[in-house]
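Here are some questions you might ask at the bench when looking over a new model, each with an answer that sets a value against its definition. Have a look first.

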Amino acid sequence: MLFENFYKSFFAWIELRLSGSSWLWKVTFASVALALFLAFPPYTLLIDHFRDGGTKLDAWVFIHNQAQDLLHPKDMDYDVRRENMIFRWTLPLLSFLTNGNILIILSIQAVLGVLFLKRIGDYIYSVCADKALTGLSILAIANTFVSVWAFADVHGYGDGFAYYFLLAALLSRNPIVIFLSLQAAFFTDERAVVAGGYLLLFWMVIQAYQLNDFSFSGLVRRVFTGQSLVMWVSWAVYFTIRFYVQAEYFPNHSYSTIGTPVLFANAHRNGLGSSIWATFEGTWLIMLAALLALWLTRRYWLIAALTIGFAVLVATGIYVHDLDRALAYGFPFVLLSFFILHQTASVHSLRVILFFAAVVCVTHLQVFYMGYNRILWLEPLPVKVLMYLDHVFGWNFFR
């Protein structure tokens with residue numbers, strides 16, 4: 001009874017708070033503020049980078065080299081990271097346009113991180129027309145890796161750009177916007193190229209419900225029509241450019257890690273289970289509830305398609321050190337799961353699921369895996385302040 005009263009009071013409170021014309025912006029900024037308070041970004045790494053003459057964070061060094069000469073960057077074979085970056089051109093382009101100003105690039109990434117959440121809110125509200133559900137969705141996703149990383153990534157990886165451009169393509173109906181957004185995402189990181197398949201699944205399932213056609217032939221047909229056709233064209237253009245540039249300028253280039261499932265090695269395997277859980281946290285409740293809804297409504301072909309898609313997400317993730325970054329490209333599965341639940345469950349059921357999903361996401365520590373069996377976490381702001389004071393005064397409480 002006590003919990004029931006709290007639950008009812010909570011929804012009465014949140015609906016009151018989400019009144020007014022700017023309610024979506026308010027919940028977006030509040031969610032970002034809470035997420036960064038609970039998991040403060042490692043900006044001290046950036047300070048150390050500038051203090052060491054701009055050499056501490058190697059990715060930024062190579063991005064600068066690419067911006068100077070994209071097709072002949074110096075020190076290309078310095079290490080595996082640079083080897084993997086030669087076809088990632090979005091950040092070098094921004095570096096060229098900003099004269100190598102890292103702070104401007106990170107500021108743009110942070111703005112896109114805010115817009116990422118806002119656009120998710122726009123989509124959720126367009127589906128359910130429920131402010132409370134929209135607010136809880138934003139709050140939950142804001143406190144997961146895919147959102148926090150747009151602010152915490154000071155290393156020069158740029159996934160925040162790729163996440164945003166994938167979302168822009170996912171939610172657009174304009175083929176030009178979709179194509180340009182996909183190219184921007186693809187040339188940010190190769191993981192986005194694989195993630196294009198998740199967008200195909202998203203559009204396929206949405207249209208299946210809109211047309212009430214869940215047949216195998218109908219699902220396959222929709223993978224090659226409409227927005228999905230733009231995806232195939234985008235893939236073709238991307239690989240054409242990539243293969244040409246490699247043949248013309250990097251004929252001897254190869255990936256030394258291809259064919260090696262990194263996460264199965266003794267030095268890395270402890271991160272697999274942690275990342276599969278921690279990347280999605282409470283949003284697992286949304287995805288599992290959607291899976292149950294598909295099973296109860298006998299949408300077996302959809303289950304098969306989504307299972308294959310998620311298996312691809314996990315399988316491609318085990319080939320890289322930073323598994324969380326790879327798994328976060330699966331955020332379309334969360335949005336698609338919400339849509340499925342809205343089609344099959346009551347608003348009351350959705351509110352219960354979103355309530356607990358948000359609670360788990362907010363209370364769960366922001367941990368992620370960066371390889372070599374290192375499970376890292378972002379400290380809350382008060383702890384970060386204490387750590388700084390400890391460093392300044394030499395108390396040595398934090399080691």
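Q: What makes the radius of gyration of the protein chain agree with a compact globule?
A: The radius of gyration is taken over C-alpha atoms, and the globule rule is 2.2 Å times the number of residues to the power 0.38. For 399 residues that gives a value near 21 Å, and the protein chain has 22 Å, so the two agree. A quick note on the source: this is a predicted model, where local features need pLDDT of at least 70, side-chain atom pairs count only at pLDDT 80 or more, and totals for chains, interfaces and linings use all residues. Residues are numbered from 1 along each chain as its sequence is written, and side-chain values use heavy atoms, with hydrogens and water left out.

Q: Why is Cys 361 called buried?
A: Buried means under 20% relative accessible area, exposed over 50%, and partly exposed in between (1.4 Å probe, protein chains only). Cys 361 has 1% relative accessibility, so Cys 361 counts as buried. Cys 128, at 13%, is buried too, and buried residues make up 52% of the 399 residues in the protein chain.

Q: How do you know that Cys 128 is too far from Cys 361 for a bond?
A: A disulfide is a pair of cysteine sulfur atoms within 2.5 Å. The closest cysteine sulfur to that of Cys 128 belongs to Cys 361 and is 17 Å away, therefore too far for a bond. By this rule, the count is zero disulfides.
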